[in-house]
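Here is a friendly walk through one protein model and its two ligands. Please keep the sequence and the 3D view open while you read.

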Amino acid sequence: MSARIIDGKAFAASLRERVAAIVPAFEAAAGRKPGLTVVIVGEDPASQVYVRSKGKATEAAGMVSTTHRLPETTTQDALIALVRDLNADPAVDGILVQLPLPKHIDEQAVIATIDPDKDVDGFHVVNAGRLAVGQEGFVPCTPLGCIMLLEDRLGDLSGLNAVVVGRSNIVGKPMAQLLLAKSCTVTIAHSRTKDLQDVCGRADILVAAVGRPAMIKGDWIKPGATVIDVGINRIDNGEGGTKLAGDVDFAEAIEVAGAITPVPGGVGPMTIAVLLRNTLVSAYRRAGVPYEKGAI
Ligand SMILES: NC(=O)C1=CN([C@@H]2O[C@H](COP(=O)(O)OP(=O)(O)OC[C@H]3O[C@@H](n4cnc5c(N)ncnc54)[C@H](OP(=O)(O)O)[C@@H]3O)[C@@H](O)[C@H]2O)C=CC1
Ligand SMILES: Nc1nc(=O)c2c([nH]1)NC[C@@H]1CN(c3ccc(C(=O)N[C@@H](CCC(=O)O)C(=O)O)cc3)C=[N+]21
């Protein structure tokens, strides 16, 4: 059997169009455009690429994009001072501090400074807590994008066995919380998990968020399962260059799974589309303008 490929790129494009189509209505009601500010510290080339594509996508959706590029030597105090200024700026609906930060900066201290109601990444402990107890807040973009793809493919997720491999604060844990909120039976696996293959083999929904290329093999996957590959790994392409690969052995998995996201073209594009969605939601909430929740 050959799995159906879940086209995250196409789904993300339609979400971005949906967001862009609503922006003029927000602007008419609020008298301003939604605004997203991205802060990047240092010169990491991959981060630079992501930040550039976020800026382009923000503008293409009709929002105001602002980027602060700070040198690698920026102090934690200076970064925190900038975040406080952005918290106080009424034109800023969303603040995203690109991770990872340089080693001399405490990421948690910086994230804790972001106004939770501008935290469109959903990384602040207040938003992690809201997600855990089922209150409205901001949900991290990557896991929310995964849920959108899963519901599009499977409809109601309730009662399904979901296994999340990885327990980071930005992907694995919020992914597990969202699947639980959708009434899946959730298992979180990590580097200390015993018999990982066996655990994965029971999953109707398998989410891989590890950072190890092709770690999950075809014979780890339950036949017909839906596989969401969050991993973004840059590997050798065998021709002297590099290419992107996921955490799942795609060539093997496609023979076993019912559906699978590719890398690239799967979860990655959803992350940016959901960021725009979260920014528009933030703008509506901050402006006190009612909006149709199902529409975005
Ligand atoms: N598509 C997108 O938009 C995004 C993609 N990513 C990608 O997703 C991947 C994960 O990112 P992130 O969560 O930040 O990564 P982290 O490094 O923060 O977390 C990795 C997790 O994988 C677990 N792990 C490591 N080795 C193994 C192993 N051998 N067996 C089982 N579990 C293991 C770790 O376990 P332990 O906790 O025990 O150490 C940890 O919980 C990366 O490839 C990253 O690039 C990330 C963000 C967005
Ligand atoms: N504060 C913060 N928030 C983040 O959301 C955040 C972050 N920091 N740091 C880095 C990770 C990673 N991330 C990705 C975004 C888009 C793609 C993406 O669009 N990927 C394309 C390919 C892009 C390419 O070709 O390089 C794809 O998978 O098809 C991937 C990964 C967001 N992150």
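## Ligand 2 and its surroundings

A nitrogen atom of ligand 2 lies 2.8 Å from a backbone N or O atom of Val97. This is a predicted model, in which local features need pLDDT of at least 70 and side-chain atom pairs count only at pLDDT 80 or more, while totals for chains, interfaces and linings use all residues. Residues are numbered from 1 along each chain as its sequence is written, chains are lettered from A and ligands numbered from 1 in the order in which they are written, and side-chain values use heavy atoms, with hydrogens and water left out.

The pair at Val97 is a polar contact (a pair of N or O atoms within 3.5 Å; within protein, one must be able to donate a hydrogen and the other to accept it, and residues adjacent in sequence count only if both atoms are side-chain atoms). The table sets it beside other such pairs for both ligands.

| Ligand atom | Protein partner | Distance |
|---|---|---|
| Ligand 2, nitrogen | Val97, backbone N or O | 2.8 Å |
| Ligand 2, nitrogen | Leu99, polar backbone atom | 2.8 Å |
| Ligand 2, oxygen | Gly265, backbone N or O | 2.6 Å |
| Ligand 1, oxygen | Thr142, side-chain N or O | 3.3 Å |
| Ligand 1, oxygen | Arg167, side-chain N or O | 2.7 Å |
| Ligand 1, oxygen | Ile232, backbone N or O | 3.1 Å |

Around ligand 2 there are 16 residues, and Val97, Leu99, Asp121, Pro264 and Gly265 come nearest. To count as near, a residue must have a heavy atom within 4 Å. Nine of the shell residues are nonpolar, four polar and three charged. In this grouping Ala, Val, Leu, Ile, Met, Phe, Trp, Tyr, Cys and Pro are nonpolar, Asp, Glu, Lys and Arg are charged, and the others, Gly among them, are polar.

Which elements each supply at least two residues of the shell around ligand 2? They are helix 2 (45-60), strand 4 (94-97) and helix 10 (267-287), and the largest share, three residues, comes from helix 10. Helices (H or I, at least four residues) and strands (E, at least two) are DSSP runs, numbered from the N terminus. Domain 1 (29-136 + 270-284) and domain 2 (141-267) each give at least three residues to this shell; the domain bounds come from an automatic or database domain assignment.

Two of the nearest residues, Leu99 and Pro264, also take part in cis peptide bonds. One such bond joins Leu99 and Pro100, with omega about 0 degrees, and Pro100 sits in the loop between strand 4 and helix 4. The other runs from Val263 to Pro264, with omega near 0 degrees, and Pro264 belongs to the loop between strand 11 (259-260) and helix 10.

## Ligand 1

Ligand 1 is surrounded by 22 residues, the closest being Arg167, Ser168, Ser191, Ile232 and Thr271. Its shell divides into 10 nonpolar, 10 polar and two charged residues. Helix 10 gives the most here, with three residues.

## Buried spots in the fold

His124 lies in the loop between helix 4 (107-113) and helix 5 (125-133). It counts as buried because its relative accessibility is 7%, where buried means under 20% relative accessible area, exposed over 50% and partly exposed in between (1.4 Å probe, protein chains only). The His124 side chain reaches the backbone nitrogen of Val126 at 2.9 Å. Leaving aside residues up to four places away in sequence, His124 touches Ile111, Ala112, Ile114, Pro116 and Asp119; contact means heavy atoms within 4.5 Å.

Ala162, in strand 5, is buried, with a relative accessible area of 0%. With the same sequence neighbours left out, its contacts are Leu179, Cys184, Thr185, Val186, Thr187 and Ile205.

Leu179 is also one of the buried residues of helix 7 (residues 172-181), together with Gly172, Pro174, Met175, Ala176 and Leu178. The buried residues of this helix pack against helix 5, helix 6 (141-154), strand 5 (161-165), strand 6 (185-189) and strand 7 (205-208).

## Positive phi values

Most residues other than glycine have a negative phi, and most peptide bonds are trans. Ser183, which follows helix 7, has a positive phi near 65 degrees. Asp195 has a positive phi near 50 degrees and is found in the loop between strand 6 and helix 8 (196-200). Asp195 is exposed, with a relative accessible area of 59%.
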